[in-house]
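This report covers a pocket, the nonpolar cores and the annotated repeats of one chain. Please have the sequence and model open.

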Amino acid sequence: MLLLGCIKEVSDYELVISLPNGLTGFVPVTQISEAYSKMLSKEVAEGELLEDLHSLSDMYSPGTLVRCIVTSAEKNADGRRSIKLSIDPKKVNKGLKSSALASGMLLSGFVSSVEDHGYLIDIGVNGTHAFLPHQKAQKRGFMLRLIFLGSDLKVGQNLSCVIVEVKNEGRVVRVSVDRTEVAASLATREQNWTLSNLLPGLVVKAQIQKVAPHGIVLTFLSSFTGIVDIIHTDPEKSMSYSPNQVVKACILSVHPTSKVVRLTLRQSFLHPGGSPNQLSSERMGAVVEEATVKAFYKQFGAIFELDDGSLAFAWLKHLSKTRKSLKPGTFREGCKHRCRIIDYSLMDEMSIVSLKYHIIEARILQYQDIHVGDVVQGKVVALKPIGMQVKVADGIKGLVPTLHLADVILKQPEKKFNIGDELKCRVLECNPAGKKLILTLKKTLLQSKLPVLSCYEDAKPGLVTHGFVVCAREFGCIVKFYNDVKGLVPKNELSSEPVSCPEKVFYEGQVVKVMVLKCEPQQERLLLSFRLPDKPTPEDKKECTSKTKQKVKYQIGEIVDVKVLKKKDNGLEVSILDDEGNVTALIPTVHLSDFVANCKLLWHCLQEGDVLPRVMCLNDKEERIILSRKSAVISAVQDEQVVRSFSEIQPGMLLTGYVRNVMPFGVFVEFPFGVRGLAPKVSMSDKFVTDTKDHFVVGQTVIAKVMSIDEEKQRVLLNLKVSECSSGDSAAESFALLSQYFNELKEIRNLLRRRDDSSVARGLCELVPGKELQLVVQDVKEDGSALFSGSCVTGLTVTATRYHLGDKSVVPGEKTKALVLHVDALTSEVYVSLREELL
């Protein structure tokens, strides 16, 4: 497929191209031109830099329009579609033959060589040699000369050329890149364009055939029919288009099989050699409080009008948290929504926005939002020989070099880190232009309260800060800080005692506290000392006081790993591993699981020394920090499906919380961040409630729907009826809960297996709900239930209620098949069923 694109970013190895309809493609350095690829191969083969080989940034600049052809479109590892492109003229212009070339044609070409009187241009047409005289090259315009910093064109440079003269039946052509001639070029019938060689970027005169709500159908070059999408009409003339009207249009894309041609009527594209309008850097990341829906497309997304009158597009996945939760009715024309600008499509001259709450509230949206010294949350996505790749936000990844995986060098980091682990990192370097982000996991740097040294100008004599050793030699140590700032600690400043062999005392990667002795910013020279003043700095005092009193601030919703210190009647006393065990907290028994039955089991199975990952801070307003292991509550906080204050509550909201208290008149429910509400007796259950304690217990995880709020009394009334509190797909929700329940049972069985090697414990571990057993009837009770025995249940109490005996009449000594329904590890009781429909 042929497309007109606009260069969005330039790196050493590829061009990032903005494509129509909000898409993005990538041109690898090997898909620039044949001449450029040959020079690259030559440089690699010889192992030396070639003078004539220029970098992509020397030849290309953001905002330049280029013709592209799609070479592949595949989904990458994170599910996003990756579109690979080529701008090689041999591929873009492959439909053209030398005999079809005519004066006035606008083609894309590349400088293939520099000659005495001009340049040979590769236009990708077999059997044709294109020549650009020097006098025509010098008139390519001020902006182009400014971009390429000089009068000489470079091998591999992309050019828009107008054919001035055709000789020898197209075997020799003379071209011009004169800015005036290029801008005035117009494709005509006389140039004999066909569907097989039609090119994007051509400007044509067209006649409107039909004006539809979502676009315009028009004809051009006599026999061609094309489509203009609504977003590619001229905003200033969108209401004045009519059938038979003659307009200028630019071809955007040509599909190879369907032959569908799409065009644009936007003014920026109607003069070849121009550039599309760009978004102001101040608008990127801006939150728009009221964006008005202009159109909704159920297969793609919605178009909005922003507060400045410009148009914006939101993909379907950015309109709601999930496709199931999307409500098309809320995107009728004229509806208003809150959104955030997350990108800009140069080819559509339109902002890309998102309505997702977590994106609107996100602190980090682009590399420019990250500052050196910031502590950021990340997720491990890959472990590589050079270090660990961490995802900080959508589209933003950073590298933790091997040296920075811990305070000491890790020989086998794969044993400590797993893909998907969430962790805190500190930013060592951030280069938004090069999309380079370097992070550290060194705990001393993460927790340091000392000033961040990120530029030589800040290195004032007497400053005390943390850094890390990158070199230890006989002359002393070289210490590095943030943003690649580094300095020398001479041998006499290593210690108050003489150090004969620094390389034996200090090691690479060691975090050290240093004091600045002298700095020369212009020469980037920094002299340091390990000999610190005896009087502690204010930061040291603050750090020491903090550790002594254990008043470490943890934000609600923060995820930590903990180690069990002691089992108490009301829960587990734990230490937070991030603070090296200096901070203790409590996990109440009811917060060990979303399932009340599993809470006591987990409390029973867990022992001192056990490590519990991914526990969430619930509050720190009491005497100690309270933590929760409830998966549903943690997910609600991470997905931003919570309210942080009473003012955020709205009727109709579905909120995840836990039962705080059960009273005769109703149930009090508490949510993360301390907001509470009451579910009256009439709103507790779909069944008639006689005794509230028969329906709910303290600590039970619930989903509640907000019925009403009383702002004056700060009261919230809730509904706990299952029929009212489903978010949509109740079957999927029930399956997810069951899956979570059985996964926790599996965890409990593994704990039992490790703790207790007795035959009873082994039997409990092997019995899982759904397992079929061969049992012997031991006794039939007066209430109709039966007790069973068998070699697989030795030492266990096995019971089937009257209901689960079904129609069977059992007698002691009879052998029968049974299905395990439930296993109670605390009481060693097993409940089974003999009903035929279950077996």
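The pocket comes before the cores, and the annotated spans come last.

The model is predicted: local features need pLDDT of at least 70, side-chain atom pairs count only at pLDDT 80 or more, and totals for chains, interfaces and linings use all residues. Residues are numbered from 1 along each chain as its sequence is written, and side-chain values use heavy atoms, without hydrogens and water.

**Pocket.** The second largest pocket holds about 890 Å³ of space. Its lining has 40 residues, and I230, P235, S238, R266 and L311 are the closest to its centre. The lining divides into 18 nonpolar, 13 polar and 9 charged residues. β16 (287-297) is one of the strands that supply at least two lining residues. β16 gives the most, with 3 residues.

**Cores.** A nonpolar core joins buried residues (under 20% relative accessible area, 1.4 Å probe) through side-chain atoms within 4.5 Å. The largest has 48 residues; L101, W193 and F220 are among those with the most contacts inside it. A second, separate core of 26 residues includes Y554, V562, V583 and I625. Beyond its neighbours within four places in sequence, L101 is in contact (heavy atoms within 4.5 Å) with residues including L96, I123, I163 and V173.

**Annotated spans.** An unreviewed UniProt entry lists "domain: S1 motif" for several spans, including residues 201-266 and 652-721.

| Residues | Helix | Strand | End C-alpha distance |
|---|---|---|---|
| 201-266 | 0% | 53% | 13 Å |
| 652-721 | 0% | 50% | 13 Å |

Definitions and conventions. 1 Å grid on protein atoms, 1.4 Å probe; cavity = no way out; pocket = protein on both sides within 12 Å on 5 of 7 lines; lining within 4 Å. Points joined across faces, edges and corners; volume = space filled by probe spheres on them. Helix = DSSP H or I, 4+ residues; strand = E, 2+ residues; numbered from the N terminus. Nonpolar A, V, L, I, M, F, W, Y, C, P; charged D, E, K, R; others polar. Buried < 20%, exposed > 50% of the residue type's maximum accessible area, 1.4 Å probe, protein only. UniProt positions renumbered as here; feature names shortened; annotations may be inferred.
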